[in-house]
Amino acid sequence: MNNLSERFDATLLSYKEILEQPTSWEKTIKNKDSYVKIGRDFFDDGINNKIILFSGCGSSLYLGEVAAAYYRRNFNSWALGMASSEFLANPDVLFHKPNQTYFVAISRSGETSETVMALKKAIDHGVKCLAVTCTPKSTLATLGCPVLITESGSEESVVMTKSFSNMLLAICLAMNKANENDYDNLSKHADAIIKKYTNQIFDFLDKSTINRFIFLGTSERFGIAREASLKVKEMAICDSESFETLEYRHGPISLVDDKTLVSCIVSPHFRQDELEVLEDVKKYGGNTLIIHEIAHESDISIVLPEKCTDIEKVLLSLPVLHLLAFFKAQNKGINPDKPRHLSQFVKLPDNDKM
Ligand code: F1P
């Protein structure tokens, strides 16, 4: 990676935080027992047919969507990720069954107005709640419900990268569906993937004139696609969208041209159908990036270790997608540490009144 670091600013904070993911994950995994303890009382407390609503804003919303899909898969029970503002606009609709509804509020800062207010509303409605944050002394963490704290995910950048993956990891650990040795090699794999693909991603963006980014995925991977799309907007100020993979054919594919990059985080549960969408993209002259455990014909093929569990593969897809957004920013001469119009969290003007 040495000569590459002469071609972009490797001293940037967001780059440092993207690369810190493997070591920070190790720290989060070491806290497994404390997460499992909190998670047992919440996710696995023996109450059947409950509905879990994950709430957040921006990246934390997409993280909630990934967590909800992971919960649905593992508990055969219903869960949804929703924007915190929905709970402010429709509290009586969403909390109409307080005995069956559980609520998870996710926020890196623990200060985002909508998420703090949504948690207060859930508590007021008598719903069982859990908070997830990287900031132990935040408002969210001190409202009185149990809290999953992921301090190793805390970051200085405005744009969320390692906070997302570490909070996701903590939530998955809290659900306690892993086998004894799962996650043991996760950090090593992440390091290897970053080392293997950094140059390739940089070179591809350097040589091409991509100006439209599309991210596709299903279930957990759809939440990742939404997050990857947000990274490109925030870091590189570039048009980007995300879709459930097969939805892409229902209209949006009409925009594909040689300046379009369609990235798909391919699911082992839906591989063939997703790969066929990418073949269509190629047919219409677009570029493709495939993240999967088997190498496939594409402009960039990121191969994940086959032996990892499904959620490990989901986590391993994040650093390369972060790098894609980061390098596009560098390629456009934009500083991703100073994203336009954005701050670490959004505080509404009437925050204190609510
Ligand atoms: C959520 C968030 C970020 C976003 C931003 C404003 O923050 O929406 O995802 O990048 O600039 O805040 P939080 O609630 O997770 O702290």
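These legends accompany close-up views of a predicted model.

**View 1. The largest nonpolar core.** This core has 84 residues. Those with the most contacts inside it are F43, F54, I171, Y183, I302 and F327. Helix α12, residues 310-331, gives the most to this core, with 13 residues. Another core lies apart from it and has 18 residues. Among these are F87, F95, C129 and V147. In soluble globular proteins, nonpolar side chains tend to be buried together.

**View 2. The surroundings of I302.** Neighbours within four places in sequence are left aside here. I302 is then in contact with I193, Y197 and I201, and also with L289, I290, I291 and H292. V320 completes the list of contacts.

**View 3. Helix α11 and its cover.** Helix α11 runs over residues 271-283. At 1.5 Å a residue, its 13 residues should span 18 Å. The end C-alpha atoms are 18 Å apart, which agrees. The buried residues of α11 are E274, L275, V277, L278, D280 and V281. An α-helix has 3.6 residues a turn, so residues three or four places apart point the same way. What covers the buried residues of α11 includes strands β6 (212-217), β8 (260-265) and β9 (287-292). G285 follows α11 and has a positive phi, near 90 degrees.

**View 4. The F43 and Y71 pair.** The whole structure holds 18 aromatic pairs. One of them joins F43 and Y71 in a tilted arrangement. The ring centres are 6.1 Å apart, with 45 degrees between the planes. F43 lies in the loop between α3 (32-42) and β1 (51-56), and Y71 in helix α4 (residues 59-75), so the pair ties together parts that are 28 residues apart in sequence. F43 is buried, with a relative accessible area of 2%. Y71 is also buried, at 1% relative accessibility.

**View 5. The F95 and F103 pair.** These two rings meet edge-to-face. Their centres are 5.6 Å apart, and the angle between the planes is 75 degrees. F95 has 2% relative accessibility, so it counts as buried. F103 has 0% and therefore counts as buried too.

**View 6. An aromatic cluster.** F42, F43, F54, Y71, F75 and Y102 form one aromatic cluster. The charged end of K177 sits over the ring of F75, 4.5 Å from its centre.

**View 7. R72 over W78.** R72 lies over the face of W78. The distance from the ring centre is 5.5 Å.

Conventions: Residues numbered from 1 in each chain as written. Predicted model: local features only at pLDDT ≥ 70, side-chain atom pairs only at ≥ 80, totals over all residues. Heavy atoms only, no water. Core = buried A, V, L, I, M, F, W, Y, C linked by side-chain atoms within 4.5 Å. Buried < 20%, exposed > 50% of the residue type's maximum accessible area, 1.4 Å probe, protein only. Helix = DSSP H or I, 4+ residues; strand = E, 2+ residues; numbered from the N terminus. Contact = heavy atoms within 4.5 Å. Expected span 1.5 Å × (residues − 1). Phe/Tyr/Trp six-rings, centres within 6.5 Å; stacked < 30°, edge-to-face > 60°. Lys NZ or Arg CZ within 6 Å of the ring centre and 35° of its normal.
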